Each structure stands twice: as C-alpha cells, then as structure tokens.
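Got your viewer open? Here's a quick tour, one selection at a time.

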Amino acid sequence: MATTTSKAAKSSTATPTLTGIGVGRGSAVGSVVKLAAAAKAPVDEPAAADTAAADALVRSSFQYVATNLRVRAAAAQAATAAVLEATSLMAQDPGLIADVERRIKAGTGPATAVDQAVEGFCKILEASGPYLAERVTDLRDVRDRIVAHVLGVPEPGLPELRKPTIVVATDLAPADTASLDLEHVVGIVTELGGPTSHTAIIAAQLDLPCLVRVDGAMTLAEDATIAIDAAHGTVVVDPDDTLREAILSRAKARAALKTATGGAGRTKGGQSVQLLANIGAVEDAERAAKEDVEGVGLFRTEVLFLDAATAPTVADQVTAYTKVFKAFGDRKVVVRTLDAGADKPLAFAPSEEEENPALGVRGLRMDRRFPQLLDDQLEAIAQAAKATTAKVWVMAPMVSTVHEARAFVQRVRSHGLPVAGMMVEVPAAALRARHMMDIVDFASIGTNDLTQYAMATDRMAGELAELLDPWQPAVLDLIAAAGAAGKAVGKPVGVCGEAARDPLLALVLVGLGITSLSMAPAGVPAVRFALSRTDIETCEAMAAAARNAEDAAAGRAAVEKLVDPEVLLAL
Ligand code: PEP
Ligand code: MG
C-alpha cells in the first residue's frame with residue numbers, strides 16, 4: 001500500500017519544499033488545514049477534592065469516548081470500522097481505568113491521572129515491537145479525547161471545511177481519519193507515521209493522496225496552498241500554474257482510468273497477465289468481488305482471526321471461507337494458510353520470546369509447533385471449496401526449503417485440494433526456485449517480506465524506507481530467478497506484495513516473467529492501463545534496465561524513459 005519514493009520531484013517545475021514517503025501515487029492541490037491540537041492536562045492540576053466524583057467523571061469520560069468510537073465504527077467502511085472498533089476497545093480497557101483510579105486516590109489530578117496512566121501503557125506498547133508501537137498513536141488519541149472530556153473542553157479535530165483541503169497533522173489517529181469530510185479533503189500530510197501506520201492504511205483504502213514522515217510538516221502555514229505528490233513524495237508550497245495544471249490533469253487522468261479500460265489484464269500485444277485482488281476480511285472479499293478483477297491472488301486468512309483468543313473451529317472457518325469463495329463465483333481464489341507470528345501475532349499460536357521475531361517461528365514454520373492448525377485449516381478450505389464453484393488454490397507463507405515445499409504440497413493434496421503452491425518471501429526460496437517449482441503447482445512472490453529479508457531492513461522501519469524498496473536491483477534479481485524458474489517448467493509465478501500495485505514496477509515484473517499481479521483492488525485500473533500500453537518486449541527491456549541500474553531510483557528513472565508517455569501522465 002505504501003510506496004517508497006525517491007526524493008526528487010521529477011514531475012514538478014518547482015523545487016519541493018518538503019519531502020516524505022508517499023502512500024500510493026495520488027497527487028492533489030489544496031489549502032492547508034492543521035488538525036487542532038489536543039487540550040493538555042494542566043501542569044499544576046490539583047488533587048480531586050472528592051475522589052469518588054473524580055472516579056465517576058473519569059469512568060463516564062472513558063465510556064463516552066468508547067461509545068462514540070463504536071458509533072463511528074458502525075457508520076464506517078470495513079477496514080476503517082475495524083480500526084475504530086479496536087480503538088474503542090482501548091477506551092474500555094479495565095486495566096487502564098483501574099490505573100487511573102489508583103492515581104486519583106494517590107492524590108493526582110484526574111486529567112493528569114489519565115495522561116500518566118496512558119503514557120505508562122504507551123511505553124509497554126513501544127517496547128513490544130514495531131507493530132504494537134504503531135498503535136501508540138491510537139492510544140494517545142483516546143487519551144486526548146478522554147482528557148478533553150474530563151476538562152470539559154471540545155475534543156481535538158478539524159474545523160468545518162469549505163474548500164479543497166489538505167489535512168496536515170503531526171500524526172492522524174484512526175478516529176480523525178475516519179471522520180474526514182471527503183467532500184473537501186483531497187489529501188493528507190503527516191510528520192510522523194510510517195508506511196504501515198493506520199493513516200497510511202486508511203488513506204489507501206479511501207484512495208486519498210497521502211504523504212507520511214514529512215519533516216517540518218507542522219511548519220506549513222494554515223491556509224497556505226500546497227501541491228502534494230505521493231508518487232514522488234513531495235510537498236510544494238504556492239505551486240506555480242504549470243505545476244498546478246500538471247497535478248490536476250494527472251488527478252483527472254487517474255480518475256478517467258477507472259473507466260478507460262476493463263476486463264482481463266493483457267499487455268499491448270495481448271499476453272495475459274491476470275489482475276487479482278488482495279483480501280483479508282470477509283467484507284473485503286464481498287467488496288472486491290464487485291470490482292473488475294479476475295479473482296483473488298492473496299487471501300490473508302490470518303486477518304480473520306487476529307482478535308480470536310482460541311483457535312477457530314473447522315466449522316467457523318468453513319463458514320468464513322464459503323462466503324469468500326461464493327462471492328467470487330467461478331473465479332480463482334488463492335488462499336494463503338495462516339501467516340502467524342512477527343508482525344501478525346495470533347493469540348492461539350503464541351510465539352516464544354524471540355530476539356528477532358521476523359526471523360523466527362512464523363508462517364509455515366508455526367506448523368512445527370501447532371500442526372493441528374494447518375490440518376484444520378486445510379480441511380475447512382476443502383469443505384468450503386466443495387460447497388462452491390470458485391477455483392481454489394492454496395499456498396503457504398514463508399517457505400524456505402525444498403523439503404518444506406514438498407511436505408506442504410503433500411499435506412494440501414491429502415485434504416483433496418488439487419492446487420498447491422508456495423509464497424516466495426525468503427531469498428533462499430527465490431534462489432532455489434528452480435528446484436522448488438518442480439514440486440509446487442505455482443508460486444506467488446511476497447515482495448514485502450522478500451524486500452525486508454533481501455535488504456536486511458525491518459519492514460516496519462519507516463526510517464529506512466529507501467532500503468525497503470522493491471525497485472532495489474537486488475530484489476529484482478531475486479524476482480527474476482523465481483520468474484525464470486516458473487518459465488522453465490511452465491508454471492505460473494505471480495506477485496502479491498505491494499510492488500504489484502506500482503504500475504511502472506508491474507511492467508518490470510511482467511518483463512521478469514511474472515504471470516499475475518495481485519493488489520488492493522483500487523490499484524488495478526492503473527496497472528491494467530499501463531499493461532495495455534506496453535508490449536512484452538518493452539517490459540523485458542524495462543526489466544533489464546531496472547536490473548542493470550545502480551540503485552532503485554536509477555532503475556525507476558531508466559524505466560520511465562521507456563514507458564509510453566500517456567502511462568506516465570496517468571500515474
Ligand atoms: C508479502 O510479504 O509481500 C506478502 C504479500 O505477505 P504479507 O504482506 O501479508 O506478509
Ligand atoms: Mg509476507
């Protein structure tokens with residue numbers, strides 16, 4: 001979902017004022033509106049004269065904020081709703097409320113007690129790894145709303161908007177993002193946040209141009225006119241007419257793409273490249289099935305069970321998978337077995353304390369500890385597949401060796417499922433793809449993890465974003481090895497990581513022998529358009545140019561020179 005960017009504003013005629021990391025490829029021009037700062041607990045807040053009354057005030061403030069978030073969740077779309085629900089749960093945490101009450105009893109003022117208790121929880125989250133650390137913003141947002149209630153002042157947020165607005169904030173909490181007035185908000189710029197923060201996830205879902213990690217964003221003047229360009233990670237203050245025109249015509253061209261081409265993905269010469277959707281929740285599936293996609297290239301099944309305390313039963317899984325398969329009629333659905341561990345912890349498949357969870361027991365490796373989980377899941381997939389007409393393919397995450405690939409294929413077949421594949425996310429799997437492709441029916445490259453492992457860069461580390469770029473020639477070399485292996489044995493090799501959603505990179509991938517591209521459905525029209533304007537020979541020339549480049553930025557620049565100019569305009 002997030003695109004790591006070069007720092008040069010290639011499409012602008014003005015010097016970028018600020019730079020950051022773009023989410024997606026959108027661009028917009030609008031007026032700066034900064035998110036109102038939250039009220040702080042007074043430094044010298046006195047102890048509560050009546051601790052029982054203070055407890056009651058704090059409890060009712062927690063309850064009010066929790067209910068309000070739940071009501072907003074009910075009115076929001078799936079991914080936003082899930083984020084708001086999770087934030088609402090934070091505002092109902094009995095441990096947190098008890099901590100506040102303890103502090104009030106000890107003589108701390110009520111607003112200060114809320115502040116201190118929440119900060120204590122934030123420290124625990126920050127120490128629990130990057131995934132939980134990114135939830136700290138959500139928890140601080142809950143605190144700000146509760147403190148506002150305790151103090152009897154308005155909750156933080158945006159004023160009423162009247163013109164095209166770019167919201168600028170230190171960071172956005174889910175509640176802020178979910179309540180954006182989409183009639184007027186045309187973009188988002190934040191100083192903090194990372195490519196995997198909620199701001200980024202929700203902006204991608206809303207298809208709003210967005211930049212995160214923009215140093216100095218809060219120095220932008222209120223009401224200043226700015227042009228933002230997520231494709232290049234730039235913010236320009238007071239853009240000249242040429243830049244405005246360029247940005248607005250790009251936005252128009254992008255919107256027109258949605259209707260310009262449709263149907264199955266094909267290169268200019270007619271070579272098929274399947275365009276598929278990445279899905280997680282059942283609601284995602286139902287929404288994605290209505291889009292012009294050829295099926296599902298990645299069904300992240302662990303997303304269904306992120307909140308489950310105990311392992312889902314076979315019956316529960318059959319219900320969920322049946323709904324997903326049914327939604328896609330007779331199209332293809334590639335189901336990934338549970339990818340638990342590291343950034344996706346599941347309570348019912350707990351990890352031991354590990355120094356490096358991303359290098360530990362995760363994905364298929366969990367089968368060493370919890371073999372029943374995989375058998376139950378395969379059984380449920382098989383039953384749901386039997387009850388529906390979708391073409392169900394199954395693949396495992398984090399396969400590293402030929403032995404693992406063989407054992408997985410046998411397990412899948414033993415449950416009567418005919419098509420078994422593997423993800424290529426570990427460099428070892430890409431390097432040994434030629435051997436593995438003899439065993440599996442297909443492969444799908446997870447460029448998010450493949451990039452993290454190839455570049456030895458934690459995928460949650462916003463600070464190292466330029467290393468975590470699938471345009472890195474080393475990553476492309478690994479993809480090339482997998483693509484060539486697929487070609488040699490005549491079996492499909494797709495890409496289902498975020499790289500597939502970058503239209504220029506998608507062309508490079510096809511040139512490397514990739515046969516399908518799976519992404520968030522909002523990304524499909526731009527990729528379909530880029531493919532329709534590029535023949536396979538040009539894709540191959542692009543792939544060679546990108547691999548021959550010294551670094552990611554040079555590779556991208558070389559590919560931009562080879563692409564049909566209309567494609568560049570539409571990016
Ligand atoms: C990937 O690693 O690229 C991938 C598709 O899997 P996930 O993002 O779910 O780890
Ligand atoms: Mg992965």
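**Strands, ligand, helix**

Start by selecting strand β14 (residues 442-445) and strand β15 (residues 493-495): 3 bridges join them, and the two run parallel. Keep this in mind as you go: you're looking at a predicted model. Now show Ile-445 as sticks; opposite this residue, in β15, stands Val-495.

Next, widen the selection to β9 through β16. What do these 8 strands close into? A barrel, with parallel pairing, in the order β9-β10-β11-β12-β13-β14-β15-β16. Going from one strand to the next, the twist averages 30°.

While the barrel is on screen, add helix α12 (residues 371-386). This helix lies across β11 (332-336) and β12 (391-396), and its direction is at about 165° to β12.

Time for the ligand. Select ligand 1 and bring up its surroundings: 14 residues are there, and the closest are Arg-300, Lys-344, Gly-446, Asn-448 and Arg-459. Which arginine side chains should you look at here? Try these three:

- Arg-300: a side-chain N or O atom is 2.7 Å from an oxygen atom of ligand 1.
- Arg-459: here the distance from a side-chain N or O atom to a ligand 1 oxygen is 2.8 Å.
- Arg-336: its side chain puts an N or O atom 2.9 Å from an oxygen of ligand 1.

Turn on a surface and see how much of the ligand is left showing: on its own, ligand 1 has 290 Å² of accessible area, and the protein covers 99% of that.

Last stop: helix α19 (residues 524-532). Is this helix mostly covered or mostly open? Mostly covered, with 8 of its 9 residues buried. Click through the buried set: Val-524, Pro-525, Ala-526, Val-527, Arg-528, Phe-529, Ala-530 and Leu-531.

Key. Residues are numbered from 1 along each chain as its sequence is written. Chains are lettered from A and ligands numbered from 1 in the order in which they are written. This is a predicted model: local features need pLDDT of at least 70, side-chain atom pairs count only at pLDDT 80 or more; totals for chains, interfaces and linings use all residues. Side-chain values use heavy atoms; hydrogens and water are left out. Buried means under 20% relative accessible area, exposed over 50%, partly exposed in between (1.4 Å probe, protein chains only). Helices (H or I, at least four residues) and strands (E, at least two) are DSSP runs, numbered from the N terminus. Two strands pair if DSSP finds at least two bridges between them. Axes are lines fitted to C-alpha atoms, for helices over the stretch in contact, and angles run from 0 to 180 degrees between N-to-C directions. Contact means heavy atoms within 4.5 Å. A residue is near a molecule or strand if one of its heavy atoms lies within 4 Å of it. A polar contact is a pair of N or O atoms within 3.5 Å; within protein, one must be able to donate a hydrogen and the other to accept it, and residues adjacent in sequence count only if both atoms are side-chain atoms. Accessible areas come from the Shrake-Rupley method with a 1.4 Å probe; for residues, only the protein chains shown count as cover.
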